[in-house]
Amino acid sequence: MSDNRQLQKISTSWGDIVVQMRDGKVSSCTLPYVDDTPTEPFTISTTEKNAIEFFVCDTFRGRSSGVPPIAELQGSSFQNMVWLLLSKIPSGETKSYREIAEALGKPLAYRAVANACGKNPAPLFIPCHRVIGSDGKLHGFSAGTAWKRMLLDIEGKKGI
DNA sequence: AGTCACTGATCGA
DNA sequence: TCGATCAGTGACT
């Protein structure tokens with residue numbers, strides 16, 4: 001099992017997005033933390049020379065190109081189920097923490113769902129930013145809600 | 001036992 | 001209306 005690891009950086013005005021690959025699959029994605037009210041407008045610079053960059057670029061354009069293969073996720077069974085559901089939310093749509101919990105057959109586990117979202121190893125690739133509160137508020141994002149707000153805005157959910 | 005990226009209810013301004 | 005506050009909830013450390 002010679003794991004063929006590879007790091008990929010994508011530079012943006014908010015800092016570098018670092019994607020870690022293993023055997024050609026995405027195993028994690030790290031976004032730099034940004035304050036809730038960034039002064040800097042978001043810009044991204046990449047050559048889109050491979051599938052990862054292409055996907056990330058498309059994401060920030062509000063398009064949903066094919067999601068690159070994601071490595072097997074190492075979380076608890078509950079977390080894996082949450083992450084699987086998240087990955088099925090299409091671009092431009094949102095779900096509430098409670099809807100996810102209900103889909104898992106545990107409507108009262110919304111708090112746990114939120115926990116799992118926060119531990120999502122690959123934001124962007126697993127679209128945890130499309131999960132918002134049932135009151136329509138963003139509530140949180142591991143790398144700062146600025147990302148969440150921007151992504152939803154780009155994907156067509158204006159004014160959240 | 002304590003921590004949460006929640007939710008629904010309640011209360012005061 | 002809109003906020004702050006509170007209790008209840010489940011998974012995880």
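Arginine 22 stands opposite lysine 25 of strand S3 in this predicted model. Arginine 22 belongs to strand S2, which spans residues 15-22. S2 and S3 run antiparallel and are joined by five bridges.

The pair S2 and S3 is part of an open sheet of four strands, ordered S3-S2-S1-S4, with antiparallel pairing. At its edges are S3 (25-30) and S4 (44-45), each of which pairs on one side only. Helix H1, residues 51-59, lies across S1 (5-12), S2, S3 and S4. Relative to S1, the helix runs at about 35 degrees.

**Salt bridges**

The structure holds six salt bridges. Three of them are listed here with the N to O distance.

| Acidic residue | Basic residue | N to O distance |
|---|---|---|
| Glutamate 53 | Lysine 49 | 3.5 Å |
| Aspartate 58 | Arginine 61 | 2.9 Å |
| Glutamate 155 | Arginine 130 | 2.8 Å |

How exposed or buried are the partners in these pairs? Glutamate 53 is buried, with a relative accessible area of 5%, whereas lysine 49 is exposed at 64%. Aspartate 58 is also buried, and its relative accessible area is 5%. Its partner arginine 61 counts as partly exposed, because its relative accessibility of 40% lies between the limits of 20% and 50%.

Aspartate 58 and arginine 61 also belong to a network of salt bridges that links them with Glu48 and Arg63.

In the pair formed by glutamate 155 and arginine 130, the closest approach is 2.8 Å, N to O. Glutamate 155 is in the segment after helix H5 (145-154), and arginine 130 is in the loop between H4 and S6, so the salt bridge ties together parts that are 25 residues apart in sequence. Both side chains belong to buried residues: glutamate 155 has a relative accessibility of 10% and arginine 130 one of 8%.

**Helices H2 and H4**

At what angle do the axes of H2 and H4 cross? The axes of H2 (residues 77-86) and H4 (residues 110-118) cross at roughly 75 degrees and come within 9 Å. H2 is therefore roughly perpendicular to H4, a term that covers angles of 65 to 115 degrees.

On the H2 side, the contact is made by Phe78, Gln79, Val82, Trp83 and Leu86. These residues meet Ala112, Val113, Ala116 and Cys117 of H4. By class, the contact residues of H2 and H4 comprise eight nonpolar, one polar and no charged.

**The loop after H4**

Asparagine 120 is located in the loop that runs between H4 and strand S6 (131-132). Arginine 130, the salt-bridge partner of glutamate 155, is found in the loop between H4 and S6 as well. Is asparagine 120 buried or exposed? Its relative accessible area is 7%, so asparagine 120 counts as buried, the limit being under 20%.

Which residues does asparagine 120 touch, leaving aside its neighbours within four places in sequence? Asparagine 120 is in contact with Trp83, Ile126 and Cys128. Of these, Trp83 is one of the H2 residues that meet H4.

Terms used:
Residues numbered from 1 in each chain as written. Chains lettered and ligands numbered in written order. Predicted model: local features only at pLDDT ≥ 70, side-chain atom pairs only at ≥ 80, totals over all residues. Heavy atoms only, no water. Axes fitted to C-alpha atoms, helices over the stretch in contact; angles between N-to-C directions. Helix = DSSP H or I, 4+ residues; strand = E, 2+ residues; numbered from the N terminus. Parallel < 35°, antiparallel > 145°, perpendicular 65-115°, else oblique. Contact = heavy atoms within 4.5 Å. Nonpolar A, V, L, I, M, F, W, Y, C, P; charged D, E, K, R; others polar. Pairing = 2+ DSSP bridges. Buried < 20%, exposed > 50% of the residue type's maximum accessible area, 1.4 Å probe, protein only. Salt bridge = Lys/Arg side-chain N within 4 Å of Asp/Glu carboxyl O.
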